[in-house]
Amino acid sequence: MRSDPQRLRFEITARDGRARRGVLHTAHGPVRTPAFIPLATTGAVRGLTAREVAELGFELILGNTFHLFLRPGAGALRERGGLHRFMGWDRALITDSGGFQVFSLAHGSVADEIKGRRGRVPGHGSILEIAEEGVRFRSYIDGTELFMGPEESLAMQAAIGSDIALAFDECTPFHADYDYTARSTERTHRWLDRCVAWHQEHGPPRQAFFGIVQGGIYEELRRASAERVSAAPIDGISIGGTLGEDKPQMYEVLDMTLPHLPEDAPKHLLGIGEPDDLIAGIKRGIDVFDCAVPTRLGRHGMALAPLPDGRYRLNVRSTKLAADEGPLVEGCPCEACRNHTRAYLHYLSRAEELTAVRLLTLHNLTYLERLVAGARAAIEAGELDAYAARLADGSPPWAAGPKAGSAR
RNA sequence: GGGGGAGCGCCGGAGUUGGAGAGCCGGGCCGGUCUGUAAAAUCGGUGCCUCGUGCUGAGUGAGUUCGAAUCUCACCUCCCCCA
(Lines give C-alpha, C1' and ligand atoms only; values in the text may rest on other atoms or scores of the structure.)
Protein backbone atom coordinates (compact mmCIF):
# COMPACT_ATOMS: atom_id res chain seq x y z
CA MET A 1 0.00 0.00 0.00
CA ARG A 2 1.12 3.51 -0.77
CA SER A 3 -1.84 5.55 0.44
CA ASP A 4 -0.66 8.82 -1.03
CA PRO A 5 -2.93 11.34 0.76
CA GLN A 6 -2.56 13.72 -2.16
CA ARG A 7 -4.39 11.23 -4.32
CA LEU A 8 -6.72 9.60 -1.86
CA ARG A 9 -7.19 9.60 1.87
CA PHE A 10 -9.34 6.99 3.52
CA GLU A 11 -10.62 7.96 6.90
CA ILE A 12 -12.33 5.35 9.08
CA THR A 13 -14.69 7.01 11.52
CA ALA A 14 -16.46 4.10 13.18
CA ARG A 15 -16.31 0.32 13.38
CA ASP A 16 -18.75 -2.44 14.17
CA GLY A 17 -17.12 -5.84 14.12
CA ARG A 18 -15.15 -5.96 10.89
CA ALA A 19 -17.46 -3.44 9.27
CA ARG A 20 -16.36 0.14 9.05
CA ARG A 21 -17.89 3.53 8.47
CA GLY A 22 -15.52 5.83 6.62
CA VAL A 23 -14.91 8.59 4.14
CA LEU A 24 -12.92 8.39 0.94
CA HIS A 25 -11.49 11.83 0.33
CA THR A 26 -11.07 12.14 -3.43
CA ALA A 27 -10.10 14.95 -5.75
CA HIS A 28 -13.82 15.44 -6.38
CA GLY A 29 -15.02 15.41 -2.82
CA PRO A 30 -15.86 12.93 -0.11
CA VAL A 31 -17.46 9.54 -0.52
CA ARG A 32 -19.12 8.25 2.61
CA THR A 33 -18.64 4.51 3.04
CA PRO A 34 -19.92 1.86 2.93
CA ALA A 35 -21.10 3.09 -0.46
CA PHE A 36 -22.87 1.74 -3.47
CA ILE A 37 -21.47 2.90 -6.82
CA PRO A 38 -23.94 3.20 -9.69
CA LEU A 39 -22.58 2.24 -13.08
CA ALA A 40 -22.13 4.92 -15.69
CA THR A 41 -20.40 2.54 -18.06
CA THR A 42 -20.50 4.71 -21.14
CA GLY A 43 -20.58 8.03 -19.38
CA ALA A 44 -24.18 8.00 -18.23
CA VAL A 45 -26.11 6.20 -15.54
CA ARG A 46 -28.58 4.73 -18.00
CA GLY A 47 -31.77 6.68 -18.07
CA LEU A 48 -30.72 9.42 -15.65
CA THR A 49 -28.89 12.69 -15.74
CA ALA A 50 -25.80 13.32 -13.63
CA ARG A 51 -27.77 15.80 -11.58
CA GLU A 52 -30.43 13.21 -10.80
CA VAL A 53 -27.79 10.72 -9.68
CA ALA A 54 -26.32 13.32 -7.34
CA GLU A 55 -29.77 14.17 -6.01
CA LEU A 56 -30.27 10.53 -5.10
CA GLY A 57 -27.30 10.96 -2.79
CA PHE A 58 -24.57 9.13 -4.65
CA GLU A 59 -21.08 10.54 -4.32
CA LEU A 60 -19.22 8.12 -6.60
CA ILE A 61 -20.06 6.57 -9.96
CA LEU A 62 -18.16 4.14 -12.16
CA GLY A 63 -17.20 4.69 -15.78
CA ASN A 64 -15.71 2.10 -18.04
CA THR A 65 -12.37 2.48 -19.75
CA PHE A 66 -13.09 -0.06 -22.46
CA HIS A 67 -16.38 1.41 -23.62
CA LEU A 68 -15.12 4.97 -23.46
CA PHE A 69 -11.99 3.90 -25.34
CA LEU A 70 -14.13 2.66 -28.23
CA ARG A 71 -16.37 5.69 -28.07
CA PRO A 72 -15.91 8.64 -27.79
CA GLY A 73 -12.20 7.80 -27.47
CA ALA A 74 -9.25 9.30 -25.61
CA GLY A 75 -8.74 12.27 -27.90
CA ALA A 76 -12.34 13.39 -27.78
CA LEU A 77 -12.47 13.06 -24.01
CA ARG A 78 -9.29 15.07 -23.58
CA GLU A 79 -10.70 17.76 -25.87
CA ARG A 80 -13.91 17.84 -23.83
CA GLY A 81 -11.89 18.29 -20.66
CA GLY A 82 -12.36 14.80 -19.27
CA LEU A 83 -15.44 12.82 -18.38
CA HIS A 84 -16.47 14.85 -15.34
CA ARG A 85 -16.89 17.97 -17.41
CA PHE A 86 -18.26 16.13 -20.45
CA MET A 87 -21.07 14.45 -18.55
CA GLY A 88 -21.70 17.17 -16.01
CA TRP A 89 -20.71 15.18 -12.92
CA ASP A 90 -18.66 17.03 -10.34
CA ARG A 91 -18.43 14.31 -7.71
CA ALA A 92 -16.06 11.38 -7.53
CA LEU A 93 -15.53 9.04 -10.46
CA ILE A 94 -13.89 5.62 -10.55
CA THR A 95 -13.03 3.85 -13.78
CA ASP A 96 -12.97 0.15 -14.36
CA SER A 97 -9.93 -0.76 -16.40
CA GLY A 98 -11.50 -2.66 -19.28
CA GLY A 99 -10.13 -6.03 -18.21
CA PHE A 100 -13.63 -7.33 -17.61
CA GLN A 101 -14.88 -6.30 -21.07
CA VAL A 102 -11.90 -7.68 -22.88
CA PHE A 103 -12.76 -11.07 -21.52
CA SER A 104 -16.48 -10.70 -21.94
CA LEU A 105 -15.80 -10.41 -25.64
CA ALA A 106 -14.15 -13.79 -25.54
CA HIS A 107 -16.90 -15.46 -23.55
CA GLY A 108 -19.99 -13.81 -24.98
CA SER A 109 -21.08 -12.97 -21.48
CA VAL A 110 -18.70 -12.96 -18.59
CA ALA A 111 -21.70 -12.44 -16.37
CA ASP A 112 -22.73 -15.99 -17.19
CA GLU A 113 -19.24 -17.35 -17.32
CA ILE A 114 -18.05 -16.08 -13.96
CA LYS A 115 -21.16 -17.48 -12.32
CA GLY A 116 -20.56 -20.90 -13.80
CA ARG A 117 -23.33 -20.68 -16.36
CA ARG A 118 -22.69 -21.07 -20.05
CA GLY A 119 -22.09 -18.02 -22.16
CA ARG A 120 -25.21 -16.78 -23.86
CA VAL A 121 -23.97 -16.36 -27.40
CA PRO A 122 -21.02 -18.63 -28.00
CA GLY A 123 -18.81 -18.01 -30.98
CA HIS A 124 -19.16 -14.29 -31.40
CA GLY A 125 -16.02 -13.44 -29.52
CA SER A 126 -14.04 -10.52 -30.85
CA ILE A 127 -10.82 -11.37 -29.04
CA LEU A 128 -8.00 -11.92 -31.44
CA GLU A 129 -5.21 -12.62 -29.00
CA ILE A 130 -4.49 -12.46 -25.29
CA ALA A 131 -0.79 -12.23 -24.71
CA GLU A 132 1.69 -11.01 -22.16
CA GLU A 133 1.74 -7.59 -23.76
CA GLY A 134 -2.03 -7.15 -23.67
CA VAL A 135 -5.12 -7.99 -25.66
CA ARG A 136 -5.87 -7.59 -29.36
CA PHE A 137 -9.57 -7.42 -30.17
CA ARG A 138 -12.08 -6.05 -32.63
CA SER A 139 -14.35 -3.15 -31.79
CA TYR A 140 -17.94 -4.30 -31.48
CA ILE A 141 -18.92 -0.97 -32.97
CA ASP A 142 -17.12 -0.97 -36.29
CA GLY A 143 -14.84 -4.00 -36.34
CA THR A 144 -11.64 -2.00 -36.08
CA GLU A 145 -8.75 -4.02 -34.71
CA LEU A 146 -7.57 -2.52 -31.45
CA PHE A 147 -5.12 -3.25 -28.70
CA MET A 148 -5.30 -2.68 -24.97
CA GLY A 149 -2.73 -3.51 -22.37
CA PRO A 150 -1.89 -2.05 -18.97
CA GLU A 151 -0.36 1.12 -20.40
CA GLU A 152 -3.22 1.74 -22.85
CA SER A 153 -5.78 1.26 -20.11
CA LEU A 154 -4.07 3.66 -17.73
CA ALA A 155 -3.55 6.21 -20.50
CA MET A 156 -7.26 6.05 -21.25
CA GLN A 157 -8.12 6.42 -17.58
CA ALA A 158 -5.85 9.46 -17.53
CA ALA A 159 -7.78 10.91 -20.48
CA ILE A 160 -11.04 10.21 -18.68
CA GLY A 161 -9.65 11.95 -15.63
CA SER A 162 -11.17 9.59 -13.09
CA ASP A 163 -10.45 10.07 -9.42
CA ILE A 164 -9.70 6.40 -8.98
CA ALA A 165 -8.17 4.24 -11.71
CA LEU A 166 -8.22 0.47 -11.59
CA ALA A 167 -5.46 -1.90 -12.64
CA PHE A 168 -5.81 -3.69 -15.97
CA ASP A 169 -6.54 -7.29 -15.06
CA GLU A 170 -7.87 -10.52 -16.41
CA CYS A 171 -11.21 -11.44 -14.92
CA THR A 172 -10.78 -15.17 -14.46
CA PRO A 173 -13.79 -17.29 -15.40
CA PHE A 174 -15.44 -19.75 -13.06
CA HIS A 175 -14.61 -22.73 -15.26
CA ALA A 176 -10.90 -21.93 -15.35
CA ASP A 177 -8.99 -24.68 -13.62
CA TYR A 178 -6.34 -24.13 -10.99
CA ASP A 179 -3.44 -23.99 -13.42
CA TYR A 180 -5.09 -21.52 -15.76
CA THR A 181 -6.22 -19.35 -12.87
CA ALA A 182 -2.74 -19.41 -11.38
CA ARG A 183 -1.09 -18.38 -14.64
CA SER A 184 -3.73 -15.73 -15.31
CA THR A 185 -3.43 -14.31 -11.81
CA GLU A 186 0.34 -14.12 -12.13
CA ARG A 187 -0.02 -12.28 -15.41
CA THR A 188 -2.47 -9.89 -13.77
CA HIS A 189 0.21 -9.27 -11.13
CA ARG A 190 2.81 -8.48 -13.79
CA TRP A 191 0.27 -6.18 -15.44
CA LEU A 192 -0.22 -4.54 -12.04
CA ASP A 193 3.48 -3.67 -11.93
CA ARG A 194 3.27 -2.15 -15.41
CA CYS A 195 0.15 -0.19 -14.42
CA VAL A 196 1.90 1.16 -11.33
CA ALA A 197 4.96 2.13 -13.34
CA TRP A 198 2.88 3.93 -15.99
CA HIS A 199 0.69 5.61 -13.41
CA GLN A 200 3.59 6.89 -11.32
CA GLU A 201 5.25 8.29 -14.42
CA HIS A 202 2.27 9.67 -16.38
CA GLY A 203 -0.86 9.47 -14.24
CA PRO A 204 -2.82 12.59 -13.30
CA PRO A 205 -1.33 13.94 -10.05
CA ARG A 206 -4.53 13.59 -8.08
CA GLN A 207 -5.72 10.30 -9.53
CA ALA A 208 -5.68 7.39 -7.09
CA PHE A 209 -4.93 3.87 -8.22
CA PHE A 210 -6.39 0.57 -7.02
CA GLY A 211 -4.92 -2.88 -7.58
CA ILE A 212 -7.19 -5.87 -8.25
CA VAL A 213 -6.99 -9.18 -6.42
CA GLN A 214 -7.65 -12.29 -8.52
CA GLY A 215 -7.21 -15.98 -7.76
CA GLY A 216 -10.60 -17.41 -8.67
CA ILE A 217 -12.12 -19.77 -6.16
CA TYR A 218 -8.78 -21.15 -4.98
CA GLU A 219 -7.79 -20.23 -1.45
CA GLU A 220 -4.07 -20.46 -2.05
CA LEU A 221 -4.28 -18.23 -5.12
CA ARG A 222 -6.55 -15.71 -3.42
CA ARG A 223 -4.20 -15.41 -0.47
CA ALA A 224 -1.15 -15.10 -2.72
CA SER A 225 -2.88 -12.48 -4.86
CA ALA A 226 -4.08 -10.56 -1.82
CA GLU A 227 -0.59 -10.42 -0.42
CA ARG A 228 1.01 -9.58 -3.75
CA VAL A 229 -1.42 -6.76 -4.51
CA SER A 230 -1.22 -5.43 -0.95
CA ALA A 231 2.53 -5.10 -1.27
CA ALA A 232 2.25 -2.80 -4.30
CA PRO A 233 2.30 1.00 -3.98
CA ILE A 234 -1.43 1.49 -4.41
CA ASP A 235 -4.22 3.51 -2.81
CA GLY A 236 -6.83 0.83 -2.45
CA ILE A 237 -7.80 -2.67 -3.38
CA SER A 238 -10.54 -4.12 -5.56
CA ILE A 239 -11.57 -7.74 -5.36
CA GLY A 240 -12.35 -9.20 -8.78
CA GLY A 241 -12.60 -12.36 -10.81
CA THR A 242 -15.11 -15.13 -10.39
CA LEU A 243 -16.55 -15.24 -6.92
CA GLY A 244 -17.96 -18.70 -7.34
CA GLU A 245 -21.23 -20.05 -8.64
CA ASP A 246 -23.48 -19.05 -5.75
CA LYS A 247 -23.67 -16.76 -2.75
CA PRO A 248 -22.20 -19.14 -0.17
CA GLN A 249 -19.18 -19.66 -2.36
CA MET A 250 -18.88 -15.93 -2.90
CA TYR A 251 -18.76 -15.40 0.84
CA GLU A 252 -16.14 -18.14 1.10
CA VAL A 253 -14.00 -16.41 -1.48
CA LEU A 254 -14.32 -13.16 0.46
CA ASP A 255 -13.36 -14.93 3.64
CA MET A 256 -10.27 -16.40 2.03
CA THR A 257 -9.24 -13.01 0.64
CA LEU A 258 -10.04 -10.24 3.12
CA PRO A 259 -7.87 -11.46 6.04
CA HIS A 260 -4.82 -11.01 3.82
CA LEU A 261 -5.50 -7.37 2.94
CA PRO A 262 -4.29 -4.37 4.98
CA GLU A 263 -6.95 -3.48 7.48
CA ASP A 264 -6.90 0.24 6.76
CA ALA A 265 -7.08 -0.06 2.96
CA PRO A 266 -10.24 0.99 1.17
CA LYS A 267 -11.74 -2.21 -0.17
CA HIS A 268 -13.87 -2.43 -3.28
CA LEU A 269 -15.85 -5.51 -4.24
CA LEU A 270 -16.19 -5.55 -8.00
CA GLY A 271 -19.56 -6.22 -9.58
CA ILE A 272 -21.56 -7.11 -6.50
CA GLY A 273 -24.70 -5.34 -5.50
CA GLU A 274 -27.71 -7.44 -4.59
CA PRO A 275 -29.14 -6.23 -1.29
CA ASP A 276 -28.15 -9.24 0.81
CA ASP A 277 -24.70 -9.30 -0.76
CA LEU A 278 -24.09 -5.68 0.16
CA ILE A 279 -24.80 -6.52 3.79
CA ALA A 280 -22.67 -9.66 3.64
CA GLY A 281 -19.81 -7.64 2.18
CA ILE A 282 -20.15 -4.75 4.61
CA LYS A 283 -20.04 -7.17 7.55
CA ARG A 284 -16.77 -8.53 6.19
CA GLY A 285 -15.18 -5.11 5.80
CA ILE A 286 -15.95 -4.13 2.21
CA ASP A 287 -16.24 -0.37 1.77
CA VAL A 288 -17.54 0.15 -1.78
CA PHE A 289 -19.55 -1.91 -4.23
CA ASP A 290 -20.47 -1.36 -7.87
CA CYS A 291 -23.10 -3.31 -9.71
CA ALA A 292 -25.32 -3.27 -12.80
CA VAL A 293 -28.26 -4.75 -10.92
CA PRO A 294 -30.28 -1.69 -9.90
CA THR A 295 -30.07 0.05 -13.25
CA ARG A 296 -30.40 -3.05 -15.40
CA LEU A 297 -33.30 -4.51 -13.44
CA GLY A 298 -34.98 -1.15 -13.68
CA ARG A 299 -34.82 -1.31 -17.45
CA HIS A 300 -36.14 -4.86 -17.34
CA GLY A 301 -39.28 -4.05 -15.39
CA MET A 302 -38.06 -5.20 -11.98
CA ALA A 303 -38.22 -3.22 -8.76
CA LEU A 304 -36.11 -3.91 -5.70
CA ALA A 305 -38.54 -4.64 -2.90
CA PRO A 306 -38.57 -6.97 0.07
CA LEU A 307 -40.88 -9.86 -0.79
CA PRO A 308 -42.60 -12.39 1.47
CA ASP A 309 -40.49 -15.23 0.06
CA GLY A 310 -37.28 -13.50 1.16
CA ARG A 311 -36.44 -12.32 -2.31
CA TYR A 312 -36.35 -8.72 -3.36
CA ARG A 313 -37.24 -8.49 -7.05
CA LEU A 314 -40.77 -7.40 -7.80
CA ASN A 315 -41.84 -7.99 -11.40
CA VAL A 316 -43.70 -4.80 -12.17
CA ARG A 317 -45.03 -6.27 -15.41
CA SER A 318 -46.85 -9.02 -13.59
CA THR A 319 -50.61 -8.97 -14.05
CA LYS A 320 -50.92 -9.13 -10.27
CA LEU A 321 -50.13 -5.42 -10.13
CA ALA A 322 -52.55 -4.34 -12.84
CA ALA A 323 -55.07 -2.91 -10.39
CA ASP A 324 -52.82 -2.39 -7.36
CA GLU A 325 -53.34 1.14 -6.09
CA GLY A 326 -50.54 0.90 -3.53
CA PRO A 327 -47.03 2.27 -3.88
CA LEU A 328 -44.24 0.13 -5.29
CA VAL A 329 -42.73 -0.18 -1.80
CA GLU A 330 -44.45 1.33 1.22
CA GLY A 331 -42.51 4.20 2.73
CA CYS A 332 -39.91 4.46 -0.03
CA PRO A 333 -38.87 8.08 -0.56
CA CYS A 334 -38.25 7.74 -4.31
CA GLU A 335 -40.28 9.56 -6.93
CA ALA A 336 -41.91 6.37 -8.22
CA CYS A 337 -43.15 5.37 -4.78
CA ARG A 338 -44.15 8.83 -3.61
CA ASN A 339 -46.12 9.87 -6.66
CA HIS A 340 -47.34 6.77 -8.45
CA THR A 341 -49.22 3.52 -7.96
CA ARG A 342 -48.12 0.02 -8.79
CA ALA A 343 -50.93 -0.09 -11.34
CA TYR A 344 -49.53 2.93 -13.17
CA LEU A 345 -45.97 1.62 -13.15
CA HIS A 346 -47.28 -1.73 -14.38
CA TYR A 347 -49.12 -0.07 -17.20
CA LEU A 348 -46.19 2.17 -18.15
CA SER A 349 -43.79 -0.73 -18.17
CA ARG A 350 -46.02 -2.85 -20.40
CA ALA A 351 -46.53 0.07 -22.71
CA GLU A 352 -42.73 0.33 -22.90
CA GLU A 353 -42.78 3.93 -21.90
CA LEU A 354 -39.36 5.37 -21.13
CA THR A 355 -40.89 6.87 -18.03
CA ALA A 356 -41.24 3.38 -16.57
CA VAL A 357 -37.54 2.73 -17.09
CA ARG A 358 -36.64 6.01 -15.45
CA LEU A 359 -38.94 5.57 -12.49
CA LEU A 360 -37.78 2.02 -11.80
CA THR A 361 -34.15 3.05 -12.15
CA LEU A 362 -34.72 5.88 -9.69
CA HIS A 363 -36.43 3.50 -7.31
CA ASN A 364 -33.79 0.77 -7.47
CA LEU A 365 -30.95 3.21 -6.96
CA THR A 366 -32.82 4.84 -4.10
CA TYR A 367 -33.32 1.44 -2.53
CA LEU A 368 -29.60 0.63 -2.56
CA GLU A 369 -28.59 4.12 -1.48
CA ARG A 370 -30.93 3.89 1.48
CA LEU A 371 -29.61 0.41 2.22
CA VAL A 372 -25.99 1.58 2.51
CA ALA A 373 -27.02 4.79 4.27
CA GLY A 374 -28.78 2.61 6.82
CA ALA A 375 -25.65 0.51 7.15
CA ARG A 376 -23.55 3.61 7.78
CA ALA A 377 -25.90 4.72 10.52
CA ALA A 378 -26.03 1.21 11.97
CA ILE A 379 -22.24 0.94 12.12
CA GLU A 380 -22.02 4.28 13.89
CA ALA A 381 -24.60 3.05 16.35
CA GLY A 382 -22.91 -0.33 16.73
CA GLU A 383 -26.11 -1.97 15.55
CA LEU A 384 -25.14 -3.49 12.24
CA ASP A 385 -26.23 -6.98 13.23
CA ALA A 386 -29.66 -5.75 14.27
CA TYR A 387 -29.98 -3.78 11.05
CA ALA A 388 -29.04 -6.83 9.02
CA ALA A 389 -31.52 -8.95 10.93
CA ARG A 390 -34.37 -6.52 10.30
CA LEU A 391 -33.52 -6.42 6.60
CA ALA A 392 -33.47 -10.21 6.50
CA ASP A 393 -36.91 -10.20 8.11
CA GLY A 394 -38.25 -8.15 5.23
CA SER A 395 -37.97 -4.61 6.51
CA PRO A 396 -37.12 -2.08 3.84
CA PRO A 397 -33.87 -0.20 4.50
CA TRP A 398 -35.56 3.02 5.63
CA ALA A 399 -37.51 1.14 8.30
CA ALA A 400 -34.66 -1.07 9.49
CA GLY A 401 -32.10 1.49 10.62
CA PRO A 402 -31.21 2.58 14.13
CA LYS A 403 -33.94 4.53 15.85
CA ALA A 404 -31.66 7.52 16.45
CA GLY A 405 -31.99 9.13 13.03
CA SER A 406 -29.72 8.46 10.10
CA ALA A 407 -26.15 9.09 9.06
CA ARG A 408 -27.00 10.28 5.63
C1' G B 1 -78.15 -4.69 -57.76
C1' G B 2 -73.44 -6.19 -60.65
C1' G B 3 -68.12 -7.51 -60.73
C1' G B 4 -63.63 -8.84 -58.13
C1' G B 5 -60.86 -10.41 -53.74
C1' A B 6 -60.26 -12.68 -48.89
C1' G B 7 -61.71 -16.03 -44.69
C1' C B 8 -57.16 -21.34 -39.65
C1' G B 9 -55.94 -21.14 -33.63
C1' C B 10 -55.98 -14.53 -28.81
C1' C B 11 -54.59 -10.77 -33.02
C1' G B 12 -51.90 -9.60 -37.65
C1' G B 13 -48.92 -11.54 -41.68
C1' A B 14 -46.42 -15.05 -45.04
C1' G B 15 -47.00 -19.54 -47.41
C1' U B 16 -48.73 -23.87 -49.74
C1' U B 17 -53.61 -24.56 -55.33
C1' G B 18 -54.45 -32.32 -54.30
C1' G B 19 -49.93 -35.99 -50.64
C1' A B 20 -51.43 -32.69 -45.47
C1' G B 21 -49.70 -28.69 -39.43
C1' A B 22 -51.79 -28.35 -34.00
C1' G B 23 -46.44 -25.57 -38.61
C1' C B 24 -43.67 -20.51 -39.73
C1' C B 25 -42.85 -14.92 -38.74
C1' G B 26 -44.58 -10.65 -35.90
C1' G B 27 -47.63 -8.92 -31.85
C1' G B 28 -50.38 -9.73 -27.48
C1' C B 29 -50.82 -12.65 -23.18
C1' C B 30 -48.43 -16.03 -19.16
C1' G B 31 -43.91 -17.23 -16.83
C1' G B 32 -38.44 -17.51 -16.07
C1' U B 33 -33.56 -15.17 -16.03
C1' C B 34 -30.29 -10.90 -15.03
C1' U B 35 -24.23 -9.26 -9.66
C1' G B 36 -16.63 -4.93 -12.38
C1' U B 37 -23.52 -3.41 -18.49
C1' A B 38 -22.06 -5.20 -26.66
C1' A B 39 -28.59 -6.14 -21.89
C1' A B 40 -34.93 -0.40 -22.21
C1' A B 41 -32.00 -7.31 -22.84
C1' U B 42 -32.94 -12.35 -23.08
C1' C B 43 -35.12 -17.48 -22.73
C1' G B 44 -39.50 -20.46 -22.54
C1' G B 45 -44.90 -21.24 -22.85
C1' U B 46 -49.56 -19.91 -25.29
C1' G B 47 -56.40 -25.57 -29.09
C1' C B 48 -58.13 -30.14 -26.01
C1' C B 49 -57.27 -34.43 -23.07
C1' U B 50 -56.67 -39.69 -19.86
C1' C B 51 -50.01 -36.41 -22.13
C1' G B 52 -50.06 -40.63 -26.53
C1' U B 53 -47.59 -43.78 -32.52
C1' G B 54 -53.85 -39.44 -28.60
C1' C B 55 -58.08 -36.00 -30.10
C1' U B 56 -60.21 -31.95 -32.60
C1' G B 57 -58.85 -28.19 -36.34
C1' A B 58 -58.13 -24.19 -42.19
C1' G B 59 -65.68 -19.33 -42.25
C1' U B 60 -70.46 -22.92 -42.42
C1' G B 61 -72.57 -27.06 -44.94
C1' A B 62 -72.47 -30.48 -48.79
C1' G B 63 -69.64 -32.80 -52.78
C1' U B 64 -65.42 -34.85 -56.03
C1' U B 65 -61.15 -37.99 -54.59
C1' C B 66 -57.38 -43.41 -52.22
C1' G B 67 -56.40 -38.55 -50.06
C1' A B 68 -59.06 -31.63 -49.56
C1' A B 69 -56.53 -25.86 -46.16
C1' U B 70 -55.90 -26.60 -51.64
C1' C B 71 -60.82 -28.64 -56.58
C1' U B 72 -66.66 -28.06 -57.16
C1' C B 73 -71.49 -26.11 -55.33
C1' A B 74 -74.45 -23.41 -51.85
C1' C B 75 -74.54 -20.22 -47.85
C1' C B 76 -72.26 -16.65 -44.17
C1' U B 77 -68.80 -12.59 -43.04
C1' C B 78 -65.37 -8.82 -44.43
C1' C B 79 -62.72 -5.70 -48.14
C1' C B 80 -62.35 -3.21 -53.05
C1' C B 81 -64.56 -1.46 -57.66
C1' C B 82 -69.01 -0.24 -60.62
C1' A B 83 -74.10 1.25 -60.52
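# Close-up views of chain A

**View 1. Helices α8 and α9 lie side by side.** The axes of helix α8 (residues 178-202) and helix α9 (residues 219-230) come within 11 Å and cross at roughly 5 degrees. Axes are lines fitted to C-alpha atoms, for helices over the stretch in contact, and angles run from 0 to 180 degrees between N-to-C directions. The crossing makes α8 roughly parallel to α9; angles under 35 degrees count as roughly parallel, over 145 as roughly antiparallel, 65 to 115 as roughly perpendicular and the rest as oblique. On the α8 side, the contact is made by Thr181, Ala182, Thr185, His189 and Leu192, and on the α9 side by Leu221, Ser225, Arg228 and Val229. Two residues are in contact if their C-beta atoms, placed from the backbone, lie within 7 Å. This is a predicted model, in which local features need pLDDT of at least 70 and side-chain atom pairs count only at pLDDT 80 or more, while totals for chains, interfaces and linings use all residues. Residues are numbered from 1 along each chain as its sequence is written, and chains are lettered from A and ligands numbered from 1 in the order in which they are written.

**View 2. Chain A as a whole.** Chain A contains 17 helices and 16 strands. Helices (H or I, at least four residues) and strands (E, at least two) are DSSP runs, numbered from the N terminus. The radius of gyration of chain A is 20 Å, which agrees with the value near 22 Å for a compact globule of 408 residues; this radius is taken over C-alpha atoms, and the globule rule is 2.2 Å times the number of residues to the power 0.38. Of the 408 residues, 52% are buried. A residue is buried if 20 or more other C-beta atoms lie within 10 Å of its own, exposed if 12 or fewer, and partly exposed in between, with C-beta atoms placed from the backbone.

**View 3. The sheet β1-β2-β3.** Three strands form this open sheet, with antiparallel pairing. Two strands pair if DSSP finds at least two bridges between them. Strands β1 (9-16) and β3 (29-33) stand at the edges with a single partner strand each, so one side of each has no neighbour in the sheet. The twist from one strand to the next averages 15 degrees. Seven bridges join β1 to β2 (residues 19-26); Ile12 has Gly22 as its bridge partner, and Asp16 stands opposite Ala19. The two strands form a hairpin with two residues between them, and Gly17 in the turn has a positive phi of about 65 degrees.

**View 4. The sheet β7-β8-β9.** This open sheet also has antiparallel pairing. Its edge strands are β7 (127-130) and β9, each of which pairs on one side only. Strands β7 and β8 are paired over three bridges, and Glu129 has Arg136 as its partner in β8. Four bridges join β8 (residues 135-138) to β9 (residues 145-148), where Met148 is the bridge partner of Val135. Between β8 and β9 lie the six residues of a hairpin connection, in which Gly143 has a positive phi of about 80 degrees.

**View 5. The largest nonpolar core.** This core has 112 residues, and those with the most contacts inside it are Ile37, Leu60, Ile61, Phe210, Phe289 and Ala375. A nonpolar core is a set of buried Ala, Val, Leu, Ile, Met, Phe, Trp, Tyr and Cys residues joined through C-beta atoms within 7 Å. Helix α15 (residues 354-381) supplies the largest share, 15 residues. Beyond its neighbours within four places in sequence, Ile37 is in contact with residues including Leu60, Ile94 and Phe289.

**View 6. The enclosed helix α7.** Nine of the 11 residues of α7 (residues 150-160) are buried, so the helix is largely enclosed by the rest of the structure. Among the buried residues are Glu152, Leu154, Gln157 and Ile160. Just after α7, Gly161 takes a positive phi of about 80 degrees.

**View 7. Backbone features in three loops.** Most residues other than glycine have a negative phi, and most peptide bonds are trans. A cis peptide bond with omega of about 0 degrees joins Thr33 and Pro34, and Pro34 lies in the loop between β3 and β4 (35-38). Another cis bond, with omega of about 10 degrees, joins Arg71 and Pro72. Glu352, which is not a glycine, has a positive phi of about 55 degrees. Glu352 lies in the loop between α14 (342-350) and α15, and is exposed, with 9 other C-beta atoms within 10 Å.
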